[in-house]
Amino acid sequence: MAEQTNVGVDKLCLESRKRLSMTGVQTVDGFSEQCLRLTVNGNKVTVCGQGIKISAFSKATGNLTADGEFREIRYGDKGKPFSKLFK
């Protein structure tokens with residue numbers, strides 16, 4: 001059975017600030033335990049926190065799962081973060 005791709009669709013699901021699931025991820029541009037830098041359907045996304053680890057990433061489907069303590073999600077290079085939502 002062929003895997004379904006999520007071209008043109010980006011979805012972000014954050015569970016209890018501990019597990020992040022995203023679709024539409026084209027590339028992982030950089031990562032550390034404090035920060036993930038991604039390209040999601042042509043847009044730059046930065047996710048910051050502590051103890052971040054990528055659990056799964058499929059370039060073919062664009063699905064990414066990461067675990068850690070997430071504190072900030074920023075769209076664009078100079079976009080305002082959504083961190084106030086997580087307080």
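This briefing covers salt bridges in the structure above. The model is predicted: local features need pLDDT of at least 70, side-chain atom pairs count only at pLDDT 80 or more, and totals for chains, interfaces and linings use all residues. Residues are numbered from 1 along each chain as its sequence is written, and side-chain values use heavy atoms, with hydrogens and water left out. The whole structure holds 5 salt bridges (a side-chain nitrogen of Lys or Arg within 4 Å of a carboxyl oxygen of Asp or Glu). Three of them are described here.

**Lysine 18, glutamate 69 and arginine 71**
- Lysine 18 pairs with glutamate 69, with the closest N and O atoms 3.8 Å apart.
- Lysine 18 sits in the loop between strand E1 (11–15) and strand E2 (19–23), and glutamate 69 in strand E6 (residues 63–75), so this bridge ties together parts 51 residues apart in sequence.
- Strands (E) are DSSP runs of at least two residues, numbered from the N terminus.
- Glutamate 69 also meets arginine 71 in a salt bridge, at 3.0 Å from N to O.
- Shared partners join Lys18, Glu69 and Arg71 into one network.

**Arginine 19 and aspartate 67**
- Arginine 19 bridges to aspartate 67, with the closest N and O atoms 2.8 Å apart.
- Arginine 19 is in strand E2 and aspartate 67 in strand E6, so the pair links parts 48 residues apart in sequence.

**Exposure**
- Partly exposed lies between buried (under 20% relative accessible area) and exposed (over 50%), using a 1.4 Å probe and protein chains only.
- Lysine 18 is partly exposed at 47%, and glutamate 69 is partly exposed at 25%.
- Arginine 71 is partly exposed at 38%.
- Arginine 19 is partly exposed at 34%, and aspartate 67 is partly exposed at 25%.

Note on methods. Helix = DSSP H or I, 4+ residues; strand = E, 2+ residues; numbered from the N terminus.
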